[in-house]
Amino acid sequence: PIPPNENPVWTLDGATIISGNANDGYSLLWTTKGTKNITVQATTAFGCTNSQTLVIDVMAWATPALSNPPPQCTGNPMLDLSLYDDDAFVGVWTGAGVSGNLFDPALAGPGNHILVFTPSGACTLPATVTINVAQTLTPNLIVPPVLCTDSPTLDLSLYDDDAFTGIWSGTGISGTSFDPATSGPGNLTITFTPDGSCNLPA
C-alpha cells in the first residue's frame, strides 16, 4: 500500500476499475487486448515525486474450433479424437468412453455423448462435441428346412428377423425367394443384410 499522504495518482490505460482504491491498488478489467501500461505516481510530504510503470499483456479469450466426429456404432473400433480437435491448441479430452485421445464407442454405450476438449494455456476456454453412438445389432434368423432341388420356391421372409428390414443374397435367391432348382444341390450359405449403418449381416 502507498501511504495516504503521498497522494498516489494512477494512469490505468483504459481499464475499468472493478474494486480497490488508490492507496491499496485496484482490480481492473480491460475489454480490448494488447499491451497495457499502468503507471502510479506518488508525491511525498517533502515534495519528492516517484513513479512506477507496470506493463501487462492482455490476451483475448480463445476457444478451439472442433470438428464434429461422425456417428458411431458400439461395434466400431476406437476413434482418434485428435483428428477432430483444433491444431492451434493442445489440451485434454474428457467424457464418457474417453481415454487419452481415444473414444471407445463400446465403453460409452448407445446415446448422445458430449465430449469436452479443455485447452491448456492462459485465456482459453473449453469446447465440446457431441457423438451419437448406436447399438450394433445382428438379426436372429431362423434356419430354413432341408430342401430338395424339386422343392417349391421358399419364402425367406418367414425366416428373417421381424425387427429388421434388409436384403437377402446368395445363390438361388431372387428378392425374398429361394429357388432350390436354381441353386442346385449342396450346403449353401445365404446372407441377410439388414438396413442401418450399425446392423451386421447374418
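Start by selecting strands E15 and E16 in this predicted model: E15 pairs with strand E16, residues 177-178, in the antiparallel sense over 2 bridges. Within that pairing, pick Ile 173 and look across to E16, where Phe 178 stands opposite.

Now add E13 to the selection. The three strands form an open sheet in the order E13-E16-E15, with antiparallel pairing. Strand E13 (154-155) and strand E15 (173-174) stand at the edges with a single partner strand each, so one side of each has no neighbour in the sheet.

Keep Phe 178 highlighted, as it leads to the next stop, the largest pocket. Phe 178 is among the residues that lie nearest the centre of this pocket, together with Pro 145, Leu 147, Gly 186 and Leu 188. Show the full lining and you will have 21 residues on screen. Colour them by character: 16 are nonpolar, 5 are polar and none is charged. How much space lies in the largest pocket? About 450 Å³.

Next, go to Asn 199, in the segment after strand E17 (191-194). Draw a distance from its side chain to the backbone oxygen of Asp 195, and you should read 2.5 Å. Then show the surroundings of Asn 199: leaving out residues up to four places away in sequence, it touches Leu 137, Phe 164 and Pro 194.

Move on to Phe 117, which sits in strand E11 (residues 111-119). Is Phe 117 buried or exposed? Its relative accessible area is 1%, under the 20% cut-off, so Phe 117 counts as buried. Display its contacts, again without residues up to four places away in sequence, and these appear:

- Pro 64, Leu 66 and Asp 85
- Phe 89, Val 90, Gly 91, Val 92 and Trp 93
- Pro 126 and Ala 127

For a sense of scale, add Leu 54: 63 residues from Phe 117 along the chain, with 34 Å between the two C-alpha atoms.

The last stop is Thr 35, in strand E4 (residues 34-43). Thr 35 has a relative accessibility of 51%, and therefore counts as exposed, the cut-off being over 50%. Which residues does Thr 35 contact, leaving aside its neighbours within four places in sequence? Select Asp 13, Val 55, Ile 56 and Asp 57 to see them.

To finish, draw a line from Thr 35 back to Ser 174. Their C-alpha atoms are separated by 76 Å, and the two residues are 139 residues apart along the chain. Ser 174 also brings you back to strand E15 (173-174), at an edge of the sheet where the tour began.

Note on methods
Residues numbered from 1 in each chain as written. Predicted model: local features only at pLDDT ≥ 70, side-chain atom pairs only at ≥ 80, totals over all residues. Heavy atoms only, no water. Helix = DSSP H or I, 4+ residues; strand = E, 2+ residues; numbered from the N terminus. Buried < 20%, exposed > 50% of the residue type's maximum accessible area, 1.4 Å probe, protein only. Contact = heavy atoms within 4.5 Å. Pairing = 2+ DSSP bridges. Polar contact = N/O pair within 3.5 Å; in protein donor to acceptor, adjacent residues only side chain to side chain. 1 Å grid on protein atoms, 1.4 Å probe; cavity = no way out; pocket = protein on both sides within 12 Å on 5 of 7 lines; lining within 4 Å. Points joined across faces, edges and corners; volume = space filled by probe spheres on them. Nonpolar A, V, L, I, M, F, W, Y, C, P; charged D, E, K, R; others polar.
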